[in-house]
Amino acid sequence: RNQYYLAGLDPSFFYDFDKDRYKEWFDVINGRYSGDIYELISGRFGAKTVFVSSRHPKFRAKLKEDNRFLSVYEDSQASVFKLK
């Protein structure tokens, strides 16, 4: 089973690879994406699981509001959501 990560310790690699997707990802994690986050994450990015750092509370809040994201883990540092 392969695991893929959009951004890791240095998101500049993501930016260099695909500037348009990077901008969408950046808008999502900073609470500025106005479209359907579920459709973007599941369709465009093909994700089945989302890891959210505590540094992105707006993103975490958006995922918690949407019942298509199932919270499977949460602590003070991070949250993990599965897509339904």
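This passage describes the fold, confidence, salt bridges and surface of a predicted protein model.

Residues are numbered from 1 along each chain as its sequence is written. Because the model is predicted, local features are given at pLDDT of at least 70 and side-chain atom pairs at pLDDT 80 or more, while totals for chains, interfaces and linings use all residues; side-chain values rest on heavy atoms, with hydrogens and water left out.

Confidence is a good place to start. The mean pLDDT (the predictor's confidence in each residue, from 0 to 100) is 88 for the protein, and 89% of its residues reach 70 or more. Confidence is highest in strand β2, at a mean of 97, and lowest in helix α1 (residues 12–17), at 84. Where pLDDT is low, the predicted coordinates should not be read in detail.

Four helices and three strands make up the secondary structure; both are DSSP runs numbered from the N terminus, helices being H or I with at least four residues and strands E with at least two. Along the sequence, these elements follow the pattern α-α-α-β-α-β-β. Contacts are counted between heavy atoms within 4.5 Å. Among those between residues at least 6 apart in sequence, 42% join residues at least 24 apart. Of the 84 residues, 31% are buried, where buried means under 20% relative accessible area, exposed over 50% and partly exposed in between, with a 1.4 Å probe and protein chains only.

Eight salt bridges are present in the structure, each defined as a side-chain nitrogen of Lys or Arg within 4 Å of a carboxyl oxygen of Asp or Glu. One of them pairs Asp18 with Arg21, at 3.7 Å from N to O; Arg21 is partly exposed, with 28% relative accessibility. Another brings together Arg44 and Glu24, whose closest N and O atoms are 2.6 Å apart. Arg44 belongs to helix α3 (residues 37–44) and Glu24 to helix α2 (residues 19–29), so this pair ties together parts that are 20 residues apart in sequence. Arg44 is itself partly exposed, at 34%.

A further salt bridge joins a strand to a helix: the side chains of Glu74 and Lys64 meet at 2.8 Å, N to O. Glu74 sits in strand β2 (residues 69–74) and Lys64 in helix α4 (residues 57–65), so the link spans parts that are ten residues apart in sequence. Both partners count as partly exposed, Glu74 with a relative accessible area of 38% and Lys64 with 47%.

Salt bridges with shared partners also connect Lys23, Asp27 and Arg32 into one network. Within this network, Asp27 is found in helix α2 and is buried, at 16% relative accessibility. The Asp27 side chain makes a polar contact with that of Lys23 at 2.9 Å; such a contact is a pair of N or O atoms within 3.5 Å, and within protein one must be able to donate a hydrogen and the other to accept it, with residues adjacent in sequence counting only if both atoms are side-chain atoms. Leaving aside residues up to four places away in sequence, Asp27 touches Arg32 and Tyr33.

Turning to the surface, the accessible area (Shrake-Rupley method, 1.4 Å probe; for residues, only the protein chains shown count as cover) comes to about 6,200 Å², with 51% belonging to carbon and sulfur atoms. Leu70, Val72 and Tyr73 make a nonpolar patch of about 280 Å². Patches consist of residues with over 30% relative accessible area and no salt bridge, like charges being joined within 9 Å and nonpolar side chains (Val, Leu, Ile, Met, Phe, Trp, Tyr) within 5 Å. Leu70 lies in strand β2 and is partly exposed, at 43%.
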